[in-house]
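Visitor: Got a minute to walk me through this one? I'd like the overall picture, then some side-chain detail.

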Amino acid sequence: TIERFGFLEKTVRNDFPSFKRDGVESLCFYGSSLGSILATRLANIAKAEGFKVSLVLNLSSASFPYAVWHGKATRHIQKELAAKGVNFAELNKAWGYLSPINNLANLRVTPILLFASSRDDTFGRNNVAELIVELKKNHPRAHCSQIWFGHKLALIKGITRGDLIRPFLPS
């Protein structure tokens, strides 16, 4: 997973210079579930590189390592890591840079739409709630839409909300 994140991040970042040469000034990053982790990181990087950005997250959380270690869908990964002698503190140190909460610094005035599941056992309810609190407290252009389903049904519900997503797309 981490190797893929690095590859995908590098691939997108390599396109930034050609976007600028072609006159592209605005980028919208969209991520669903695991993709929201990378979308937040790339939006933060693109903003730092001078792009106007917006961000749509169809289910996300504050901490990626927490979701991997404590999430219902990733128990097998937690068990594999623990069998190799890796504990949560080590995982957090190694993968914490990917956490959305650590990739919001450049996005304070960025339009952000978060579809959040209040019953999300994949990311962890408290983990999702922490991201919501951060966005509401420090990101005045963020909009959080809570969905009262579990992770899978909430994903579907978020995808179908084009009426909410459309205003976050570059014009």
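Guide: Sure. Of the 171 residues of the protein, 45% count as buried. Keep in mind that this is a predicted model.

Visitor: OK. How many helices and strands are there in the protein?

Guide: The protein has 8 helices and 4 strands. Starting at the N terminus, the elements go α-β-α-β-α-α-α-β-α-β-α-α.

Visitor: And how does the radius of gyration sit against the globule rule?

Guide: The radius of gyration is 16 Å, close to the 16 Å that the globule rule gives for 171 residues, so the protein is as compact as a globular protein of that length. Along the principal axes, the C-alpha atoms fill a box of roughly 50 × 35 × 25 Å.

Visitor: What about contacts between residues at least 6 apart in sequence?

Guide: Among those contacts, 77% join residues at least 24 apart.

Visitor: And the surface, how much does the protein expose?

Guide: About 9,200 Å², with carbon and sulfur atoms supplying 55% of it.

Visitor: Switching to α7. Which of its residues are buried?

Guide: Helix α7 covers residues 151–159, and its buried residues are His151, Ala154, Leu155 and Gly158. Looking down the axis of α7, these buried residues fall within an arc of 110 degrees, so they line one face of the helix.

Visitor: Why would residues three or four places apart point the same way?

Guide: Because an α-helix has 3.6 residues a turn.

Visitor: Right. What do the buried residues of α7 pack against?

Guide: They pack against β1 (26–32), β2 (52–58), β3 (112–117), β4 (142–147) and α8 (162–165).

Visitor: Which exposed residues are on the face turned away from the buried side?

Guide: On that face, α7 carries the exposed residues Lys152, Leu153 and Ile156.

Visitor: New topic, aromatics. How many aromatic pairs are there?

Guide: The count comes to 6 aromatic pairs. One of them is phenylalanine 5 with phenylalanine 64: the ring centres are 5.5 Å apart and the planes are at 70 degrees, so the pair is edge-to-face.

Visitor: Where in the chain are those two?

Guide: In distant parts of it: phenylalanine 5 is in helix α1 (residues 2–21) and phenylalanine 64 is in helix α3 (residues 64–70), 59 residues apart.

Visitor: Are they buried or exposed?

Guide: Phenylalanine 5 and phenylalanine 64 are both buried. Together with Trp95, Phe5 and Phe64 form one aromatic cluster.

Visitor: How do phenylalanine 16 and phenylalanine 19 pair up?

Guide: That aromatic pair is tilted, at 6.4 Å centre to centre with 40 degrees between the planes. Both phenylalanines, 16 and 19, lie in helix α1, 3 residues apart, which is about one turn of the helix. Phenylalanine 16 is buried at a relative accessible area of 1%, while phenylalanine 19 counts as partly exposed at 26%.

Visitor: And which ring does the charged end of lysine 20 sit over?

Guide: The ring of phenylalanine 51, with the charged end 5.2 Å from the ring centre.

Visitor: Last thing, the backbone. What is phi of serine 33?

Guide: Near 55 degrees, a positive value in a residue other than glycine. Serine 33 is in the loop between β1 and α2 (34–48), and serine 33 is buried, with a relative accessible area of 15%. Leucine 59 also has a positive phi, near 80 degrees. Leucine 59 is found in the loop between β2 and α3.

Visitor: Does leucine 59 count as buried or exposed?

Guide: Leucine 59 counts as buried, at 0% relative accessibility.

How values were computed. Residues numbered from 1 in each chain as written. Heavy atoms only, no water. Buried < 20%, exposed > 50% of the residue type's maximum accessible area, 1.4 Å probe, protein only. Arc of directions from axis to C-beta. Contact = heavy atoms within 4.5 Å. Phe/Tyr/Trp six-rings, centres within 6.5 Å; stacked < 30°, edge-to-face > 60°. Lys NZ or Arg CZ within 6 Å of the ring centre and 35° of its normal. Rg over C-alpha atoms; globule rule 2.2 N^0.38 Å. Areas by Shrake-Rupley, 256 points an atom, 1.4 Å probe, with all protein chains shown as cover.
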